[in-house]
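Biologist: I'd like to learn how to read a model like this one, feature by feature. Could you walk me through it?

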Amino acid sequence: EAANRAGVATFSSENSCFKQYKFFVPGNFVVNRHPLASADYWEGIRDRELDADQRARLSFFLEGVHSGRNNQVRQSNLEAPAELRERLGLEAGRQMVLVLGQVPFDSVITYDSPHYPELMLLMTDIVRIAGSHPELDFVIRLHPLEGALFGNQTFRALRARSLPPNLRLVHSQQANTYQLMDIASAGVVVNSQTGL
């Protein structure tokens with residue numbers, strides 16, 4: 001941002017879901033103003049089809065992410081859905097709202113969110129909403145990397161509060177995020193790949 005304001009030419013980089021690839025773009029782009037976040041960028045390549053080898057590599061990669069084999073963000077392995085529900089104390093037949101957190105200081109929240117410039121503000125609202133809807137189960141799935149990078153800061157702050165009995169907290173590698181998505185009736189997200 002400082003280079004941008006000073007008129008200094010820069011390159012911006014963006015990680016991709018494929019760990020070994022990065023995108024580099026000349027120009028003064030910051031956070032989600034990066035061209036990869038623009039619909040115009042993707043419109044230009046919309047009709048390009050993957051060849052058979054690329055499709056096979058993509059399928060293998062995505063299956064690995066879902067199953068926990070590709071643990072880039074420390075996902076746990078899959079388990080039987082009934083076992084997952086029982087372990088988390090979720091009754092069969094009750095609808096579950098899955099709230100997917102972000103790392104506490106993600107720049108897309110702190111710089112760009114018009115509603116929740118801090119993750120705990122969102123979580124405070126979720127706790128209040130869960131308390132007013134006892135007919136639903138709520139699972140707050142905190143970002144898997146938060147434990148490794150931020151000492152489970154959001155988890156510890158939430159545990160210090162009085163939480164309604166229909167709300168569960170999941171952190172680190174306690175559950176596979178994609179499997180939680182599979183059993184959820186509704187999802188609440190802030191941003192990032194889980195939103196997609």
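Biologist: Let me start with one residue: in which helix is Gln179 found?

Modeller: Gln179 is found in helix α9. Before we go on, this is a predicted model, where local features need pLDDT of at least 70 and side-chain atom pairs count only at pLDDT 80 or more, while totals for chains, interfaces and linings use all residues. Residues are numbered from 1 along each chain as its sequence is written, and side-chain values use heavy atoms, with hydrogens and water left out. Helices (H or I, at least four residues) and strands (E, at least two) are DSSP runs, numbered from the N terminus.

Biologist: Why does Gln179 count as buried?

Modeller: Buried means under 20% relative accessible area, exposed over 50%, and partly exposed in between (1.4 Å probe, protein chains only). Gln179 has 5% relative accessibility, so it counts as buried.

Biologist: And which residues does Gln179 touch, not counting residues up to four places away in sequence?

Modeller: A contact means heavy atoms within 4.5 Å. With that sequence limit, Gln179 touches Leu78, Glu79, Ala80, Pro81 and Leu84.

Biologist: Leu84 takes us to α4. Which residues of helix α4 are buried?

Modeller: The general idea comes first: an α-helix has 3.6 residues a turn, so residues three or four places apart point the same way. In α4 (residues 81-88), the buried residues are Leu84, Arg85 and Leu88. They fall within an arc of 95° seen down the helix axis, so they line one face of α4; the arc is that of the directions from the axis to the C-beta atoms. Ala82 and Glu86 are exposed on the face turned away from that buried side. What covers the buried residues includes β5 and α9. After α4 comes Gly89, with a positive phi near 75°.

Biologist: Which residues have a positive phi without being glycine?

Modeller: Two to look at are Asn152, with phi near 55°, and Ser172, at about 50°. Asn152 sits in the loop between α7 (146-150) and α8, and its 14% relative accessibility makes it count as buried. Ser172 belongs to the loop between β5 and α9.

Biologist: How should I read a strand such as β5? Which way do its residues point?

Modeller: In a regular strand the side chains alternate between the two faces of the sheet. Here Leu167 and Leu169 point one way from β5, Arg168 and Val170 point the other way, and all are buried. β5 pairs with β4 in the parallel sense over four bridges; two strands pair if DSSP finds at least two bridges between them. Arg141 stands opposite Val170 in β5.

Biologist: How many residues does the largest nonpolar core have?

Modeller: A nonpolar core is a set of buried Ala, Val, Leu, Ile, Met, Phe, Trp, Tyr and Cys residues joined through side-chain atoms within 4.5 Å. The largest has 18 residues, and Met123, Ile126, Phe138, Ile140, Leu158 and Leu167 have the most contacts inside it. At least two residues each come from β3 (96-100), α6 (119-131), β4 (137-141), α8 (153-159) and β5 (167-170). α6 gives the most, with seven residues. Leu167 touches Ile126, Val127, Ala130, Phe138 and Ile140, not counting residues up to four places away in sequence. A second, separate core of eleven residues includes Leu88, Leu90, Leu98 and Leu180.
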